[in-house]
Amino acid sequence: MSFFQLTDKLYIAPQINRTDAAEAAKLGITGVICNRPDQEEPDQPTFTEVSTWFADAGIRNITHQPVIGSQITESDAQTFAQTLAAHDGPVLAYCRTGTRCSLLWALHQAGQGKDVATLISEIKEKTGLDLSNFTAKLQAAKSAS
């Protein structure tokens, strides 16, 4: 599994499996945020299953914040940021591809006044994910700040 380090405190990943949970523990990750709704796809593991994998690996601070990409709000981004801030150590956020997690982080950053083009570029460089389709949404978050 590839974990992409977006910041000192935040790693982004696509869907997790049991082996990934053990790898996360080896990286020193202390918390997990799942942004994927259960039963989004028929073969995906449930949040309960994934929580067990992380608990077995020694990571017990696991949060389920399911969101749908097209329906993500600034409130969702604020909740994500608060959850991230509540962790002392590095956090792994995952969804199907990593896009929702990256967008939640970027929306909060834009709401704090960060430049949207810079955020999109940074995410592309560090994760390979392209958030350019969300430019207007990110710009709106910045304008609201």
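Hi everyone, let's start in the middle of the sheet, with strand β5, residues 91–94, which is covered on both faces. Val-91 and Ala-93 on one side, and Leu-92 and Tyr-94 on the other, are all buried; buried here means under 20% relative accessible area, exposed over 50%, and partly exposed in between, with a 1.4 Å probe and protein chains only. As general background, side chains in a regular strand alternate between the two faces of the sheet.

A quick word on the source: this is a predicted model, where local features need pLDDT of at least 70 and side-chain atom pairs count only at pLDDT 80 or more, while totals for chains, interfaces and linings use all residues. Residues are numbered from 1 along each chain as its sequence is written, and side-chain values use heavy atoms, leaving out hydrogens and water.

Helices (H or I, at least four residues) and strands (E, at least two) are DSSP runs, numbered from the N terminus. Two strands count as paired if DSSP finds at least two bridges between them.

So who are the neighbours of β5? Strand β2 pairs with β5 in the parallel sense over four bridges, and there Tyr-11 has Leu-92 as its bridge partner. Strand β3 also runs parallel to β5, joined by four bridges, with Ile-33 partnered by Ala-93.

Moving along, β3 (residues 31–34) pairs with β4 (residues 61–64), again parallel and over four bridges. Val-32 stands opposite Ile-62 there. From β3 the chain crosses through helix α2, residues 47–56, to β4, and this β-α-β crossover is right-handed: with the strands pointing away from the viewer, the path from the first strand over the helix to the second runs clockwise.

In the loop between β3 and α2 you'll find Gln-39. Its phi is near 65 degrees, a positive value in a residue other than glycine. Most residues other than glycine have a negative phi. Gln-39 is exposed, with a relative accessible area of 73%.

Now to helix α5, residues 116–127. Its end C-alpha atoms are 16 Å apart, which agrees with the 16 Å expected for 12 residues at 1.5 Å a residue (that is, 1.5 Å times one less than the number of residues). Its buried residues are Val-116, Leu-119, Ile-120, Ile-123 and Thr-127. They cover an arc of only 95 degrees around the axis, so they sit on the same side of α5; the arc is taken from the directions from the helix axis to the C-beta atoms. On the other side, Ala-117 and Glu-125 are exposed.

Thanks, everyone!
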